[in-house]
Amino acid sequence: LLTNQFDNEMKKTLLFLSMVLATMTLNAQVETEIVTGAGYPDEVYYSLEDGIVSTLARDTWDLGFTTSNFSVSILSNTAAGVEVYTYPGGDTADWANLDTTGMVWAPLYNSIETLDEGAFSYNATGHPDYGWGTYNMTTHNITGDSLYVIKTLGGTYKKLTIILRQSMANTWSFKVANLDGTEEQTVELNSGDYTDKAFVYYSMDNMEILDREPAKAAWDLLFSRYYDYTIPYMVSGVLTNELHVEAQKVQEEGLDQPTYVEFEDSSFTSVISVIGSDWKSFNMQTFAYEVDSTVVYFLKKYGETDSSYYKIYFTAFDYTEGKYVFVQEKL
């Protein structure tokens, strides 16, 4: 009888230990490396569950158009050298007379808070003014009212106007031409064909629609390069997928990154640049980046029925190959 009791207790103990080990394995801290290349030519879409989803060259597109019926966002590929300027000398009626003589205009930039406000919404004053166009209360469409000068990836200057955004049909119509009016083309873009993606892209040099990014449900973090107008200069950093990921930054002196797990559930935010770039700084004496050891980031990923929580912190950044090194843990 005693032997049987001992055997049963041992079985229970072994079962408990196996469960503990399984949980430890599930929630283990894993060091990960993401490489974007020397000079940061690539951007990496990353899943907290599945790792790297795709690595894409940045210098293939000029403009990105939202695929959401409820958004009017148009992105500019600023990090690859694209420049967007609002023409101050007139509106869409002045298409044929656009004049860049003495051009000293301020460029426009994508928001670092939300992908829902691309560069073309930079000067928006609020509903019904969305920057590049105005909302029509009757049709619920956005009609373009602005002219733009674009410096393309190829370094040429072109003019652009957004003609119409049909919200319910989920389509875009825009016109592009050389500054002298040659090679004019009106593009009809059915963004409804790409609703599994966050954006569909366009190359102004090649006059080509591009389906390039992974499915919006497949990635959580984007390791990329972007213009941080709060500094202001170009940075390499991490943006979150606001469609299903929120983030929280915790910074404390003496914080132990591997063991720290204290976060406030009410402090998560969908601002895409919470992780951003300021977890690292460049040492001018060593000509190398140093990583802040007092910072951890918590991520809340929304699922269909519940949420998952993760912690990440960075341990190194090598600019010579654009390499991010960080530790990830599922909580």
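Biologist: In which loop is Tyr40 found, and is Tyr40 buried or exposed?

Modeller: In this predicted model, Tyr40 is found in the loop between β1 (30-35) and β2 (42-47). Its phi is positive, at about 60°, although Tyr40 is not a glycine. The cut-off for a buried residue is under 20% relative accessible area, and because Tyr40 has a relative accessible area of 12%, Tyr40 counts as buried.

Biologist: What is the relative accessible area of Asn170, and where is Asn170 found?

Modeller: Asn170 is a residue other than glycine whose phi is positive, near 60°. Asn170 is found in the loop between β10 (157-166) and β11. Asn170 is buried, and its relative accessible area is 3%.

Biologist: How do β11 and β12 pair, and which residue in their hairpin takes a positive phi?

Modeller: Strand β11, residues 171-178, pairs with strand β12, residues 185-189, in the antiparallel sense over five bridges. Within this pairing, Trp172 stands opposite Leu189 in β12. The hairpin of the two strands has six residues between them, and the residue there that takes a positive phi, near 95°, is Gly181.

Biologist: Which peptide bond leading to Pro128 is cis, and what is its omega?

Modeller: Pro128 has its place in the loop between β6 (83-86) and β7 (133-135). The cis peptide bond joins His127 and Pro128, with an omega of about 10°.

Biologist: Where is the place of Pro232, and what is omega for the peptide bond from Ile231 to Pro232?

Modeller: Pro232 has its place in the loop between β15 (221-228) and β16 (233-240). The peptide bond from Ile231 to Pro232 is cis, and its omega is near -5°.

Biologist: Which strand gives the largest share of the largest nonpolar core?

Modeller: The largest nonpolar core has 24 residues, of which Phe65, Phe120, Trp132 and Leu160 touch the most other members. At least two residues of this core are supplied by each of β4 (63-66), β9 (148-151), β10, β11, β12 and β13 (199-203). The largest share, three residues, comes from β11.

Biologist: Which residues does Leu160 touch, leaving aside residues up to four places away in sequence?

Modeller: Leu160 is one of the residues that touch the most other members of the largest nonpolar core. With residues up to four places away in sequence not counted, Leu160 touches Leu63, Trp95, Phe120, Ser146, Leu147, Tyr148, Ile150, Phe174, Lys175, Val176 and Met204.

Definitions and conventions. Residues are numbered from 1 along each chain as its sequence is written. This is a predicted model: local features need pLDDT of at least 70, side-chain atom pairs count only at pLDDT 80 or more; totals for chains, interfaces and linings use all residues. Side-chain values use heavy atoms; hydrogens and water are left out. Two strands pair if DSSP finds at least two bridges between them. Helices (H or I, at least four residues) and strands (E, at least two) are DSSP runs, numbered from the N terminus. Buried means under 20% relative accessible area, exposed over 50%, partly exposed in between (1.4 Å probe, protein chains only). A nonpolar core is a set of buried Ala, Val, Leu, Ile, Met, Phe, Trp, Tyr and Cys residues joined through side-chain atoms within 4.5 Å. Contact means heavy atoms within 4.5 Å.
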